[in-house]
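Please take the time to follow this structure from one enclosed space inside it outward, pausing at the residues that are named along the way.

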Amino acid sequence: MTRRPYGLLCPISRACEFLEPRWTIQILTELWNGSTRFNDIRKGVGNISSALLSRRLKEMEALGLVERVEDEASGTIAYFRTEKSIKLEPAMNALAEWAQCNIEAEIALADVDVSTLMWFVRRKIDLAELPRRRAVIRFHFRGDPPPKCPLYWFVVEPGADLPELCSLDPRRDVDLYVETGVVSLGAILEGRSSIEREKDKGDLFLSGDPDLARSIDRWLRTSVYAALEGIVPLS
């Protein structure tokens with residue numbers, strides 16, 4: 001259905017019309033995070049169907065926000081930000097900083113999808129801070145009601161660029177067990193709480209390899225917005 005235009009002589013309103021279609025900003029954010037392939041974008045964005053993502057990417061390409069590049073040799077397709085999209089980054093950063101400091105943590109962290117959160121964590125694991133051997137880290141999410149898929153494994157292999165994320169048991173010996181909740185882990189990553197505070201509250205429990213447990217604050221990096229002054233903390 002075609003939306004009725006605002007009818008205002010206002011550049012902010014015109015920008016909102018340009019970026020308003022659902023998922024547009026989220027797709028741009030995932031491109032800023034480094035994803036270029038369709039499936040990686042879909043996993044990073046979360047609750048979006050493949051059909052809707054395909055349609056939205058075509059619309060964004062027509063608007064000049066996304067460039068679609070096909071490798072004729074391999075047949076693979078990649079999506080990249082255009083100069084028009086890159087110029088949006090300061091505005092998006094300003095929105096993120098405003099949200100961190102003005103939206104209550106309980107609201108900001110509500111309804112986070114577990115699988116999307118784990119895809120985010122995958123990028124936040126600093127492999128340089130992990131042992132030079134295979135390491136398996138299992139996350140178990142508690143909740144009421146419990147998540148549909150409460151268990152995830154990260155398998156880190158020496159020399160890998162990123163850990164492998166598994167939602168099915170990889171049948172490897174687990175080095176570190178992490179029990180937590182979506183809100184608790186999200187609060188840590190976004191700088192609205194800390195590892196020690198969540199452990200003291202009983203909302204984060206670590207067991208297994210003591211070195212991995214002690215160094216979690218080094219190998220699990222937080223969001224780029226976690227160090228802002230004035231962040232509204234999780235109560």
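In this predicted model, the largest cavity is lined by Phe 139, Val 178, Leu 185, Ile 188, Ile 195, Leu 204, Ile 216 and Leu 220. When these lining residues are sorted by character, eight are nonpolar, while none is polar and none is charged. The space in the largest cavity amounts to about 40 Å³, and a search through the whole structure finds one cavity of 30 Å³ or more.

One of the residues that line this cavity, Phe 139, also leads to the aromatic rings. Phe 139 is buried, because its relative accessible area is 1%, which is under the 20% that marks a buried residue. The structure holds two aromatic pairs. In one of them, the ring centres of Phe 139 and Phe 141 lie 6.3 Å apart and the ring planes meet at 20°, so this pair is stacked; Phe 141, like Phe 139, is buried. How are the rings of Phe 139 and Phe 154 arranged? Their centres are 5.7 Å apart and their planes stand at 85°, so the pair is edge-to-face. This pair links distant parts of the chain, since Phe 139 belongs to strand S3 (residues 135-142) and Phe 154 to strand S4 (residues 151-156), with their positions 15 residues apart. Phe 154 counts as buried because its relative accessibility is 0%. Taken together, the ring pairs link Phe 139, Phe 141 and Phe 154 into a cluster.

We turn now from the cavity to the pocket. The largest pocket has a volume of about 2000 Å³, and among the 50 residues that line this pocket, those closest to its centre are Ile 25, Gln 26, Thr 29, Ala 96 and Glu 190. The lining comprises 27 nonpolar, twelve polar and eleven charged residues. Which helices supply at least two residues each to this lining? They are H1 (11-19), H2 (24-32), H3 (38-45), H6 (89-102), H8 (114-124) and H9 (182-189), and of the contributions to the lining, that of H6 is the greatest, at eight residues.

Helix H2 deserves a second look. Within H2, the residues Thr 24, Ile 27, Leu 28, Glu 30, Leu 31 and Trp 32 are buried. It helps to recall that an α-helix has 3.6 residues a turn, so residues three or four places apart point the same way. Just after H2, Gly 34 takes a positive phi of about 110°.

A charged side chain and an aromatic ring also come together, for Arg 122 lies over the face of Trp 119, at 4.4 Å from the ring centre.

Finally, there are the cysteines to consider. A disulfide is a covalent bond between the sulfur atoms of two cysteines. How many disulfides does the structure hold? The structure holds zero disulfides. Why is Cys 149 not bonded to Cys 166? The sulfur of Cys 149 is 13 Å from the closest cysteine sulfur, that of Cys 166, and this is too far for a bond, because a disulfide needs the two sulfur atoms to be within 2.5 Å. The surroundings of these cysteines can be compared as well: Cys 149 is partly exposed, with a relative accessible area of 37%, whereas Cys 166 is buried, with a relative accessible area of 11%.

Technical notes: Residues numbered from 1 in each chain as written. Predicted model: local features only at pLDDT ≥ 70, side-chain atom pairs only at ≥ 80, totals over all residues. Heavy atoms only, no water. 1 Å grid on protein atoms, 1.4 Å probe; cavity = no way out; pocket = protein on both sides within 12 Å on 5 of 7 lines; lining within 4 Å. Points joined across faces, edges and corners; volume = space filled by probe spheres on them. Helix = DSSP H or I, 4+ residues; strand = E, 2+ residues; numbered from the N terminus. Nonpolar A, V, L, I, M, F, W, Y, C, P; charged D, E, K, R; others polar. Buried < 20%, exposed > 50% of the residue type's maximum accessible area, 1.4 Å probe, protein only. Phe/Tyr/Trp six-rings, centres within 6.5 Å; stacked < 30°, edge-to-face > 60°. Lys NZ or Arg CZ within 6 Å of the ring centre and 35° of its normal.
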